[in-house]
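Here is a short briefing to read alongside your view of the fold. Keep the structure open and follow along as we go.

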Amino acid sequence: MAELTQDDLGDDRSLLLVDDDEPFLKRLAKAMEKRGFEVETAESVAAGLAIAKARPPAYAVVDLRLEDGNGLDVVEALRERRPDSRIVVLTGYGAIATAVAAVKIGATDYLSKPADATDITNALLSRGDDLPPPPENPMSADRVRWEHIQRVYELCDRNVSETARRLNMHRRTLQRILAKRSPK
């Protein structure tokens, strides 16, 4: 993407950052302010929802998994209050199923951590139908299994017991799998 100008952001430069990783949140907020955004931060779903309802921003970057819940709840609230907002979902637990769920409820893009401020800015401001390049390395068998589990989990509305029943696996085993990061 070419060098960012203030005009690329539009008249409303409000940006909501929702992440429970405080050092990451502070670094990202500084970087986004340098790029011309008017940044407001939240470290929880509750705080993100409060800001989304009171002052829905033009842009948002929301972490998927937060200590007090799921970041997709913030995405839904933002989409209801401000349908034109551009929302990027960030997560350390990248999965196709959660990416699909995020986009279905209104996210503009979905990025896996670690994502830097340039990647996030490009995702927030992208307007074209440019497809990303194909992956260099295909998914491993472990990753394909993990993706399938994540898909069924999302289809069961993130209900662990129902997902375990449908996958014919013990609930505790499923909880351990869901708590881990995705395999490479």
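The points below start with the whole chain and then turn to two helix pairings. Please bear in mind that this is a predicted model. The protein chain contains nine helices and seven strands, and 45% of its 184 residues count as buried.

**The chain as a whole**

- Take the contacts between residues at least 6 apart in sequence: 64% of them join residues at least 24 apart.

**Helix 8: its two sides**

- Helix 8 spans residues 160-167, and its buried residues are Val160, Thr163, Ala164 and Leu167.
- These four sit on the same side of helix 8 because they cover an arc of only 100 degrees around the axis.
- The cover over the buried residues of helix 8 includes helix 7 (141-155) and helix 9 (171-179).
- On the face turned away from that buried side you will find the exposed residues Arg165 and Arg166.

**Helix 8: its two ends**

- At the N-terminal end, asparagine 159 acts as the cap of helix 8, with a side-chain oxygen 3.0 Å from the backbone nitrogen of serine 161.
- Just after helix 8 comes asparagine 168, which has a positive phi, near 55 degrees.

**Helix 8 against helix 9**

- The axes of helix 8 and helix 9 are 9 Å apart, and the two helices pack at an angle of about 110 degrees.
- Angles of 65 to 115 degrees count as roughly perpendicular, so helix 8 is roughly perpendicular to helix 9.
- From helix 8, the residues Val160, Ser161, Thr163, Ala164 and Leu167 take part, meeting Arg171, Leu174, Gln175 and Leu178 of helix 9.
- Sorted by class, the contact of helix 8 with helix 9 has five nonpolar residues, three polar and one charged.
- Val160, Thr163, Ala164 and Leu167 thus appear both in the list of buried residues of helix 8 and in its contact with helix 9.

**Helix 3 against helix 4**

- Helix 3 (residues 45-54) packs on helix 4 (residues 72-81) at an angle of about 5 degrees, with 9 Å between their axes.
- The two helices are therefore roughly parallel to each other.
- Helix 3 brings Val45, Gly48, Leu49, Ala52 and Lys53 to this contact, while helix 4 brings Asp73, Val74, Ala77, Leu78 and Arg81.
- The contact of helix 3 with helix 4 is made up of six nonpolar, one polar and three charged residues.

How values were computed. Residues numbered from 1 in each chain as written. Predicted model: local features only at pLDDT ≥ 70, side-chain atom pairs only at ≥ 80, totals over all residues. Heavy atoms only, no water. Buried < 20%, exposed > 50% of the residue type's maximum accessible area, 1.4 Å probe, protein only. Arc of directions from axis to C-beta. Contact = heavy atoms within 4.5 Å. Polar contact = N/O pair within 3.5 Å; in protein donor to acceptor, adjacent residues only side chain to side chain. Axes fitted to C-alpha atoms, helices over the stretch in contact; angles between N-to-C directions. Parallel < 35°, antiparallel > 145°, perpendicular 65-115°, else oblique. Nonpolar A, V, L, I, M, F, W, Y, C, P; charged D, E, K, R; others polar.
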